[in-house]
Amino acid sequence: MSRQLFNTAPDWLEAQLTEPLPGMHTDEQRMRWLIALARKNVERQTGGPFAAAIFDMNSGKLISAGVNRVEPLNASIAHAEMLAITGAQQVLGSFNLAADGLPACELLTSSEPCAMCFGALPWSGIRRLVCGARAEDAERIGFDEGPKHPDWIGELERRSIAVQRDVCREQAVAVLNDYVASGCTIYNGGKGAELGSVHIKSERSAASEMRPDKALE
Ligand SMILES: [Zn+2]
């Protein structure tokens, strides 16, 4: 059994990261590079239409990159942001990217974080979040972004994580649209919502079954 939980990048991404990177000095340059990874992940059929990367905010140096790997790994947590964050923490040798002596880290993501990835951000130690497509762009094609806090940007900013939205949004949305047009699986959209409602119903019925037994008295 493999125990390399987070060593999950597809071969093409591993190979690409060993090549010299193009100059990426601005948010737009970094986002365009990231969106190209998301597109390649779809073309190579190695996961969903999402990519994320951690950069040193000051030098612009790439620290880690991840693409969505939910389907090929059978892992619902294998979102691009989760893999990029974990990759950076393992490269830098700390569970906290804000630890003393480490570079200030920013997370770029081709699409705004879902509820799970949003929840992971304050624990990661990143200082800045940069997003391409908006959550509603992903939801429009059927992805379920989950029960995210309505003031998620305010919540991050109160925890000293700056947020920049809509960087190359159109190009990021184009990858999402091309993904759905190609007939690929929307693995957590309608299906996820349906499973969610079944789950809630079963919890309710479990609770109502307990009452006649006076189990809590
Ligand atoms: Zn996510």
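**Figure 1. Surroundings of T46 in the predicted model.** In this predicted model, T46 is in contact with P10, N41, V67 and P72, leaving aside its neighbours within four places in sequence. The residue lies in the loop between α2 and β1, the latter spanning residues 51-56. With 19 other C-beta atoms within 10 Å, T46 is partly exposed, since the count for a buried residue would have to be 20 or more. T46 and N68 are 22 residues apart in sequence, and their C-alpha atoms are 8.1 Å apart in space.

**Figure 2. P113 in the loop between β3 and α5**. P113 follows strand β3 (105-111) and precedes helix α5 (115-124), in the loop between the two. Is P113 buried or exposed? P113 counts as buried, because 27 C-beta neighbours fall inside 10 Å. When residues up to four places away in sequence are not counted, P113 touches E81, F118 and L121. From P113 to R134 the separation is 21 residues in sequence and 8.7 Å in space, taken from C-alpha to C-alpha.

**Figure 3. The largest nonpolar core, with A53 in detail**. In soluble globular proteins, nonpolar side chains tend to be buried together. Here the largest nonpolar core holds 50 residues, of which A38, A51, A53, I54 and A84 touch the most other members. Helix α4, running over residues 80-92, supplies the largest share of this core, with 7 residues. A53 touches L34, L62, S64, A65, A84 and L108, again not counting residues up to four places away in sequence.

**Figure 4. The contact between helices α2 and α8**. The axes of α2 (residues 27-43) and α8 (residues 169-181) come within 9 Å of one another and cross at roughly 5 degrees. Angles under 35 degrees count as roughly parallel, and α2 is therefore roughly parallel to α8. On the α2 side the contact is made by R32, I35, A38, R39 and V42, which meet Q171, A172, V175, D178 and Y179 in α8. Sorted by kind, the residues of this contact comprise 6 nonpolar, 1 polar and 3 charged.

**Figure 5. S160 and D166, two residues with positive phi**. S160 is not a glycine, yet has a positive phi of about 65 degrees, and D166, likewise not a glycine, has a positive phi of about 65 degrees. S160 is placed in the loop between α7 (152-158) and β5 (162-164), while D166 lies in the loop between β5 and α8. S160 is exposed, with 11 other C-beta atoms within 10 Å, whereas D166 counts as partly exposed, with 14 C-beta neighbours inside 10 Å.

**Figure 6. The chain as a whole and its stretch of low confidence**. The protein has 9 helices and 5 strands, which follow one another along the sequence in the pattern α-α-β-β-α-α-β-α-β-α-α-β-α-α. Of its 217 residues, 35% count as buried. Among contacts in the protein with a separation of 6 or more, 66% join residues 24 or more positions apart. The pLDDT averages 85 over the protein, and 82% of the residues score at least 70. Over residues 189-217, however, the pLDDT is below 50, and this stretch has 8 contacts in the model beyond near neighbours in sequence. Where pLDDT is low, the predicted coordinates should not be read in detail.

Conventions:
Residues numbered from 1 in each chain as written. Predicted model: local features only at pLDDT ≥ 70, side-chain atom pairs only at ≥ 80, totals over all residues. Core = buried A, V, L, I, M, F, W, Y, C linked by C-beta atoms within 7 Å. Buried ≥ 20, exposed ≤ 12 C-beta atoms within 10 Å, placed from the backbone. Helix = DSSP H or I, 4+ residues; strand = E, 2+ residues; numbered from the N terminus. Contact = placed C-beta atoms within 7 Å. Axes fitted to C-alpha atoms, helices over the stretch in contact; angles between N-to-C directions. Parallel < 35°, antiparallel > 145°, perpendicular 65-115°, else oblique. Nonpolar A, V, L, I, M, F, W, Y, C, P; charged D, E, K, R; others polar. pLDDT = per-residue confidence, 0-100.
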